[in-house]
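Here is my note on the model you sent, set out point by point. Please read it with the structure open beside you.

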Amino acid sequence: MAKVSPFHSKLPETDVYHDNSSCTLGDNIESYNRIAGTGGLRKCSQCATL
Ligand SMILES: [Zn+2]
């Protein structure tokens, strides 16, 4: 597992950000939908446990 810079999806239903490269939810975000930063969102529950 590796900590990475926070990123989130630009899709409108997005409500969390990710900060771990091992997160499958974060990994599912298409690269063209990724935005750097937290976006003021809460942390992904899966990232929080990694
Ligand atoms: Zn995550």
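**Notes on the model**

1. Cys 44 has a relative accessible area of 1%, so this residue counts as buried. Cys 47 falls in the buried class as well, with a relative accessible area of 3%, and Cys 23 is likewise buried. Please keep in mind throughout that this is a predicted model.

2. What are the protein donors of the zinc ion? They are His 18 through ND1 and Cys 23, Cys 44 and Cys 47 through SG, and these atoms lie 2.0 to 2.4 Å from the zinc ion. The angles among the 4 donor atoms run from 100 to 118°, and the site is tetrahedral. Along the chain, the donors are spaced as H-x4-C-x20-C-x2-C. Distant parts of the chain are linked by the pair Cys 23 and Cys 47, which are 24 residues apart: Cys 23 sits in the loop between β2 (16-20) and α1 (24-27), whereas Cys 47 belongs to helix α2 (residues 45-49).

3. On the question of disulfides, a pair of cysteine sulfur atoms would have to come within 2.5 Å to be counted, and by this rule the model has 0 disulfides. For the cysteines discussed above, the role to record is therefore that of zinc donors, in the case of Cys 23, Cys 44 and Cys 47.

4. The protein chain holds 2 helices and 4 strands, and their succession along the sequence is β-β-α-β-β-α. The radius of gyration of the protein chain is 9 Å, close to the 10 Å that the globule rule gives for 50 residues, so the chain is as compact as a globular protein of that length. Taken along the principal axes, the C-alpha atoms fill a box of roughly 25 × 20 × 15 Å. Of the 50 residues in the protein chain, 28% are buried.

5. In what order do the 4 strands of the open sheet stand? The order is β3-β1-β2-β4, and the pairing is mixed. The edges are taken by β3 (34-36) and β4 (42-43), each of which has a single partner strand, so one side of each is left without a neighbour in the sheet.

6. Strand β1 (residues 3-9) runs antiparallel to β3, and 3 bridges join the two. Within this pairing, Phe 7 has Ala 36 as its bridge partner in β3, and His 8 stands opposite Ile 35 in β3. Strands β1 and β2 also run antiparallel, joined by 2 bridges, and a hairpin of 6 residues leads from β1 to β2. Lys 3 finds its bridge partner in β2, namely Asn 20.

7. Asn 20, which lies in strand β2, deserves a separate remark. Is Asn 20 buried or exposed? Its relative accessibility is 6%, and Asn 20 therefore counts as buried, the class being set at under 20%. The side chain of Asn 20 reaches the backbone nitrogen of Ser 22 at 2.8 Å.

8. Thr 49 is placed in helix α2, and with a relative accessible area of 66% this residue is exposed, the cut-off for that class being over 50%. Thr 49 and Thr 14 are 35 residues apart in sequence, and from C-alpha to C-alpha they are 19 Å apart in space.

Methods
Residues numbered from 1 in each chain as written. Predicted model: local features only at pLDDT ≥ 70, side-chain atom pairs only at ≥ 80, totals over all residues. Heavy atoms only, no water. Buried < 20%, exposed > 50% of the residue type's maximum accessible area, 1.4 Å probe, protein only. Pairing = 2+ DSSP bridges. Donors = N, O, S within 2.8 Å, 3.2 Å for Na, K, Ca; no water. Tetrahedral: all angles 85-135°; square planar, octahedral: opposite > 155°, others 65-115°. Polar contact = N/O pair within 3.5 Å; in protein donor to acceptor, adjacent residues only side chain to side chain. Rg over C-alpha atoms; globule rule 2.2 N^0.38 Å.
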